[in-house]
Amino acid sequence: MPHNLGVTQQISLATARRFLAIRHLLAPPRTLPATSESVMTVVERLGSLQFDPLDVAGRNHDLVLQARISGYRRGLTDELLYGSRLLFEAYNKALNLLPTSELPHYRITWQDGATGRAGGLVKEHPELAEKVLAAITAEGPKCSSDFEREAAIDWWWGPTSAARAVLDALNVSGRLNLARREGNRRFYDLTERIFPAELLAVQVPERDQRRHKLLSRYRGHGLLGSSGSGEIWPGTGAAPMRAQLRGELLDGGELVAVSVEGMRGDRYVVGGELPILALAEREVAAEASGPAAQYGGAVAGCSFIAPLDPLLWDRGALLPLYGFDYRWEVYTPAAKRRWGYYVLPILFGDRLVGRIEPRIDRTAGVVRLLGLTWEAGFDPIETPGFVPAFAAALNAYIAFGAGEALSPPADPAHRALFTEVATSVPVRQAAHVASPKGRAPRRTPAALPEATT
């Protein structure tokens, strides 16, 4: 179908789902090799990866990459962040990993921090701020435990040590940046020692930076509309400003409007991804003539989707697109959870068909499945191609978690499925696995400005 930029293109729900799966590098899944170049390919496609420190099933950005890169290991991204520094951390939608090449377009984030609450906290504690900066200037990267513990002060996530809050405020304001992480300990250095002087010297007009930040949300999801949850839009201005910037992106061909069957309002595709949309249309149309379905030119694959994966950013679109109701229940009291503490949606082909709750038990060398549920009408055994695709996803996840085996759910309703899966997946029954000790781990929040959720 020709794409006339003057006319809004109409697409079906099936085409929208196929397009999203292909452009998210999930159809087929795990086709990229385990290299730093592959990590950069994913980041450049999606624009940014949301960071979250919770690691019971893998950190969020690692889960995003594991679904797209065969044999992914977390050291690949750590090297890009703290070695070659082709990636850096900054606030965008939330705390995100961003391409360092785009840093000049995100300087506005530091400016907002310096004129906002972070800058205010530094002004409230000038002696401590100068002490921290002097120590780092003279001695190199430091973390909060390198400074004497003083009285707690109120900060974004609640009362915390003054040194930790000041370090974070200096980071958000752009005076310090992350040198490395050791677990959840963050070591900071002077920004000018982290990034090349020529990169820091590049000046991008403020409006261009705002427009780039807005474009990053459309790059992330791939089919956002003009509204949706406030969690999608921090740092992009109020709705009238976003409308102006979106108009500029449309005028420049960086975004193209489409209308999706059964969904209210226009949606927007990144201009350079129109060939992917055309491929999705061809694949969906070809299915009507009878041949086996193709997903990005391959048979349907299976992947486990991170809770903050850009595919899931627009929670309100999941019901009309997939008939799938999803909520990340980390913050939900246990008694009120419907699905579980840390649950990953299961993508098969281009449909969300279920939910899996894995835990990585590195001590026992086992991945435990605490929960597994299927959407109404989906039969994992009877659905053609699903069992081998599910087994492949499980094997990839076990390898990602450095495990030797899988401990399946205790629910006997899953026994038949795992009897079939066990022919290609190292399944270890619960009787042979030591029970995990303790309760669900306490969440350690990332530092989040008030405007970011």
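Helix α7 covers residues 126–139 (helices being DSSP runs of H or I with at least four residues, strands runs of E with at least two, both numbered from the N terminus), and its 14 residues should span 20 Å at 1.5 Å a residue, which agrees with end C-alpha atoms that are 20 Å apart; the expected span is 1.5 Å times one less than the number of residues. This is a predicted model, in which local features need pLDDT of at least 70, side-chain atom pairs count only at pLDDT 80 or more, and totals for chains, interfaces and linings use all residues. Residues are numbered from 1 along each chain as its sequence is written, and side-chain values use heavy atoms, with hydrogens and water left out.

Within α7, the residues L128, A129, V132, L133, A135 and I136 are buried (under 20% relative accessible area, against over 50% for exposed and partly exposed in between, with a 1.4 Å probe and protein chains only). Seen down the axis of α7, these buried residues fall within an arc of 160 degrees, taken from the directions from the helix axis to the C-beta atoms, so they line one face of the helix. On the other side of α7, E127 and A138 are exposed, and just after the helix G140 takes a positive phi of about 95 degrees.

Elsewhere, an open sheet of 5 strands runs in the order β11-β12-β13-β14-β15 with mixed pairing, where two strands pair if DSSP finds at least two bridges between them. Because β11 (302–304) and β15 (405–407) each have a single partner strand, they stand at the edges, and one side of each is left without a neighbour in the sheet. Strands β13 (residues 351–361) and β14 (residues 366–374) pair in the antiparallel sense over 8 bridges, and P358 stands opposite L369 in β14.
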